[in-house]
Amino acid sequence: MSQTHPFKPIFDKNSKILILGSFPSVISRKFGFYYTNPQNRFWRVLAGILNADVPESTDEKIKFLLSHHIAIYDAALSCEIEGSSDAKMSKIAPVNLKPLFKEANITQVYANGGKAYEICKKYLEGEIIKATKNEVIKLPSTSPANAKFSLEKLMHEWKVVAKTVIES
């Protein structure tokens, strides 16, 4: 079934890092915000690497991201998708990152998982490199589908984000 991205990117003029997922899960689409599936480890990973409490409410999550100069969005604006499976994504239309790059001083883009990275490389790479002077960095997915990565292993791999936050 064809789906269009249901919500806006989270960022402000102080955002330095952009984390791109692939496309919101069924649960995230239902609740109208990023990574709302309790099985997704996104918020736990970020809180862990940034030595912060895990944000619970949508307002807390937005405040958490902006206070750490992190922007989030997804790489696909629309696609055909069955359920929440990245493997079942087709007919992908990429997002337009130009307004985000124009308003924020993004210096590094990270892809949350293989599908997000694939979309970035196929459709968004030129725009990302032009805006940041850096290539997108692929991180292991925080999705519950990525069961081979424990929370500890994810935090180890995602520490590069904390390093970028500290340096920026």
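1. In this predicted model, the largest nonpolar core has 51 residues, and those with the most contacts inside it are Leu18, Ile19, Leu46, Ile72, Leu97, Trp158 and Val161. Helix α2 gives the most to this core, with six residues. As a point of background, nonpolar side chains in soluble globular proteins tend to be buried together.

2. Helix α2, which spans residues 42-49, is mostly covered, with six of its eight residues buried. The buried positions are Phe42, Trp43, Val45, Leu46, Ala47 and Ile49, and of these Leu46 is also listed among the core residues with the most contacts. The partners against which the buried residues of α2 pack are strands β2 (17-21), β3 and β6 (108-112), together with helices α3 (58-67) and α6 (151-167).

3. Leu97 is another of the core residues with the most contacts, and its surroundings can be listed in full once its neighbours within four places in sequence are set aside: Leu18, Leu20, Tyr73, Leu124, Glu127 and Ile128 are then in contact with Leu97. One of these partners, Leu18, is itself named among the residues with the most contacts inside the core.

4. Asp74 deserves a separate look when charges are assigned. Asp74 is found in strand β3, residues 70-74, and is buried without having a salt bridge, the nearest side chain of opposite charge being that of Arg29, 8.7 Å away. Because a salt bridge requires a side-chain nitrogen of Lys or Arg within 4 Å of a carboxyl oxygen, the 8.7 Å separation from Arg29 does not qualify.

5. Which polar atoms, then, lie around the side chain of Asp74? The side chain of His5 is joined to that of Asp74 by a polar contact of 2.8 Å, and the backbone nitrogen of Gly21 lies 3.4 Å from a polar atom of the Asp74 side chain. If residues up to four places away in sequence are not counted, Asp74 touches His5, Leu20, Gly21, Ser22, Phe23, Pro24, Tyr34, Tyr35 and Val95.

6. Tyr35, which touches Asp74, also merits a check of its backbone, for it has a positive phi of about 50° although it is not a glycine. Most residues other than glycine have a negative phi. Tyr35 is found in the loop between α1 (26-31) and α2, and it is buried, with a relative accessible area of 12%. On the other side of that helix, just after α2, Asn51 likewise takes a positive phi of about 50°.

7. Is the further non-glycine residue Lys91, with its positive phi of about 50°, buried or exposed? Lys91 is exposed, with a relative accessible area of 68%, and it lies in a strand, β5, which covers residues 90-94. Tyr35, by comparison, is placed in a loop and is buried at 12%.

8. The structure holds three salt bridges. One of them joins Lys115 and Glu118, whose closest N and O atoms are 3.1 Å apart; both residues lie in helix α5 (residues 114-132), three residues apart, about one turn of the helix. With a relative accessibility of 16%, Lys115 counts as buried, whereas Glu118, at 43%, counts as partly exposed.

9. The remaining pairs share a residue, in that Lys121, Glu125 and Glu135 are linked in a network of salt bridges. Between Glu125 and Lys121 the closest N and O atoms are 2.4 Å apart, and these two residues both lie in helix α5, four residues apart, about one turn of the helix. Lys121 also forms a salt bridge with Glu135, with the closest N and O atoms at 3.5 Å. This second pair links distant parts of the chain, with Lys121 in helix α5 and Glu135 in the loop between α5 and β7 (137-139), 14 residues apart. As for accessibility, Glu125 counts as partly exposed at 23%, Lys121 as partly exposed at 29%, and Glu135 as partly exposed at 48%.

10. On annotation, an unreviewed UniProt entry places the feature "domain: Uracil-DNA glycosylase-like" at residues 11-161. In the model, the end C-alpha atoms of this span lie 16 Å apart, and the span is 40% helix and 19% strand.

Terms used: Residues numbered from 1 in each chain as written. Predicted model: local features only at pLDDT ≥ 70, side-chain atom pairs only at ≥ 80, totals over all residues. Heavy atoms only, no water. Buried < 20%, exposed > 50% of the residue type's maximum accessible area, 1.4 Å probe, protein only. Lys, Arg positive; Asp, Glu negative; His and termini not counted. Polar contact = N/O pair within 3.5 Å; in protein donor to acceptor, adjacent residues only side chain to side chain. Contact = heavy atoms within 4.5 Å. UniProt positions renumbered as here; feature names shortened; annotations may be inferred. Core = buried A, V, L, I, M, F, W, Y, C linked by side-chain atoms within 4.5 Å.
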